[in-house]
Structure formats: structure tokens, C-alpha cells
Amino acid sequence: MKNWKNKLVALSLLGTTLLGGFAHNTAFAQEELPAQVQAIKDAGVFRVGIKEDVPHFGFLNPDTTEHEGFEIDLAKLIAEEITGSADNIEFTGVTPKTRGPLLDNGEVDAVIATFTITPERKETYNFTEPYFVDEVGFLVRTEDGITDFAGLEGKTIGVPQSATTKDLVQAEADAQGVTVQFSELATYPELKTALTSKRIDAMSVDKSILAGYVDDNNQILDIGFSPQEYGIATKLSNDELHNYLNELINGWLEDGTLAELLETNGVQATSSEGE
């Protein structure tokens, strides 16, 4: 995790102008587009599954009714690369439970939605190289005085349905000799409401997601575990699209574009020291 943080810091120093004026990746500029990418260009729209309830990553702003966040900007960059305009994009809101089926039935071309890469998931979907690395954490009520994992003994942990979080928390609890219970809910706002109303004692998911739900009455514990690598997911049969997106991600990692996108959207490395 420290290496990843150092990499992001180094990349951000390179600097680049985003969306309107950055230097486009030219890996495919001088050759014919792969058929699966050309099909998206011919359709004139890049269809993407994104989160709508993760501030700074994928968020549907209720005041402007606009999508915003790091993953939104990343999707727009891809749309511009393929179609020539960042406006040629169609967003579909997803949850951990719906993003896979939307890929399976062809309703979206790709999913860019804090989708953690795991060996099991790679048997079902293609994933690009990671564009961000996070870790699992806990959001707790400040008044409860919980400061470490041991303080979660006997507590009820709220986790998102169909995510990897429950298994990861259980494994960490077993390793530390702590007994916990779980409540699985469909969305992050539901988990936050359950925490506020004291139906759960902690909300657990990736720290970058938790950061969007911090307020004056809660805090993220200064502990973290189980590195979470986010990648762009496509269908296994869409190898050409996968290879194209993977080359874009690698190029943007190298030239600093992703680092500046993260900075622009207020996303910071969240790993805790020593984990």
C-alpha cells in the first residue's frame, strides 16, 4: 500500500490538463480500432455502469442532477478517446448486487464502479490493471468510543449486499479473536442511516467510500486491512475492448492523468500506516 501511495504521489508531480486539454493516449490513434471498440464508436455512445452514492468517486448530485466524481471523469475520458467527445456517454447507476448482471446482459459496455478485482471475479469478468487501491475500514459513531478492532467485540457490522466486505471483515475478526455480527443492506445511504439510528454499530466498506459519509457524529477508525484494487470490468468475451481499456489505463498511470484526476476529485490515499 505504501508503494501505491508513493506511486500516486510521483505521478501527480508529472501534471497534466484534464478532460478538455490533456494529451490523448495515442496507442490506437495510428491504427484501425479493434472491432469491439469500433462498435462503440459506431453506436456513438459509451455505456457505463457507475456508482451514484459514493461521493468523490461516483455520485449523482441531487442539487445539479449531474454525475460527478473520479470514476465519472475517468469514464468521460474513455468516451472521448473512443467517440471523440466526453458527452457521448450513457451512465447507468449500479450497486454491488446489480453491476455484474448489467454486464452479463449487455446493458452496459463496462463497469467503473469501485469494483474490486479478485481471483474469483476474474473467472467471470475481464478487469483492467488497477486504477486505484484502497483498503477496508470502519465508520463508527464517535459517542461510542470505539477506537480499534477489539472495540468491535459483540457489535453488529453493517456491510453492503453482494460485496466482498463481509467475508473480509469476518476473516480479520477471526484472526484477531473478535466476535461480530452482520447486517447486510443494499445501499451505502441505507447503511449510513442504520448507523445513525443505532441499528448497527459500525459501517464497513472501502475507506474511500466511507469518506463520503463522514459527519460531525461519526469517524473512520484509524485501522485498515485487505487491500482493494479497483479495475474496469468488461465481459470475458470482450477481449478487444478489455485490451484497449487496459492500455489506456496503463498510459494514464504513467503520464500522471489518473493521479491528477484523483486530486481534482478530492480522493486521497486512505491506507493506514503499518497495515
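**Exercise 1.** In which loop is the place of S162? Classify its exposure and its phi.

*Solution.* Start with the conventions. This is a predicted model, in which local features need pLDDT of at least 70 and side-chain atom pairs count only at pLDDT 80 or more, while totals for chains, interfaces and linings use all residues. Residues are numbered from 1 along each chain as its sequence is written, and side-chain values use heavy atoms, with hydrogens and water left out.

Step 1: S162 sits in the loop between β9 (156–160) and α5 (165–176). Helices (H or I, at least four residues) and strands (E, at least two) are DSSP runs, numbered from the N terminus.

Step 2: S162 counts as partly exposed because its relative accessibility is 42%. Buried means under 20% relative accessible area, exposed over 50%, and partly exposed in between (1.4 Å probe, protein chains only).

Step 3: the phi of S162 is near 65 degrees, a positive value in a residue other than glycine.

**Exercise 2.** Place T114 in the chain and state whether it is buried or exposed.

*Solution.* Step 1: T114 belongs to the loop between β6 (110–111) and β7 (125–127). Step 2: with a relative accessible area of 4%, T114 is buried. Step 3: T114 also has a positive phi, near 40 degrees, and is a residue other than glycine.

**Exercise 3.** Find the loop that holds K51 and list the contacts of K51.

*Solution.* Step 1: K51 lies in the loop between β1 (46–50) and β2 (53–54). Step 2: K51 counts as buried because its relative accessibility is 1%. Step 3: contact means heavy atoms within 4.5 Å. Leaving aside neighbours within four places in sequence, K51 is in contact with G58, F59, V94, P96, R99, I112, A113, T114 and Y188. Step 4: F91 is 40 residues from K51 in sequence, and their C-alpha atoms are 9.3 Å apart in space.

**Exercise 4.** Describe the largest cavity by its volume and its lining.

*Solution.* Step 1: on a 1 Å grid over the protein atoms alone, a cavity is a set of points where a 1.4 Å probe fits but cannot get out; lining residues have an atom within 4 Å of a point. Step 2: the count comes to one cavity of 30 Å³ or more. About 100 Å³ of space lies in the largest cavity, a volume being the space filled by probe spheres set on the points. Step 3: 15 residues line this cavity, and R99, T114, T116, A163 and D206 lie nearest its centre.

**Exercise 5.** Identify the residues that touch the most other members of the largest nonpolar core.

*Solution.* Step 1: a nonpolar core is a set of buried Ala, Val, Leu, Ile, Met, Phe, Trp, Tyr and Cys residues joined through side-chain atoms within 4.5 Å. Step 2: the largest such core has 46 residues, of which L74, I78, Y131, M203, I232 and L258 touch the most other members. Step 3: helix α3 (residues 70–83) gives the largest share of this core, eight residues. Step 4: a second, separate core of 16 residues includes V140, I146, F149 and L152.

**Exercise 6.** Assign A194 to its helix and give its burial.

*Solution.* Step 1: A194 lies in helix α6 (residues 188–196). Step 2: A194 is buried, its relative accessible area being 0%. Step 3: leaving aside neighbours within four places in sequence, A194 is in contact with L185, R199 and I200.

Methods. On a 1 Å grid over the protein atoms alone, a cavity is a set of points where a 1.4 Å probe fits but cannot get out, and a pocket is an open set with protein on both sides within 12 Å along at least five of seven lines; lining residues have an atom within 4 Å of a point.
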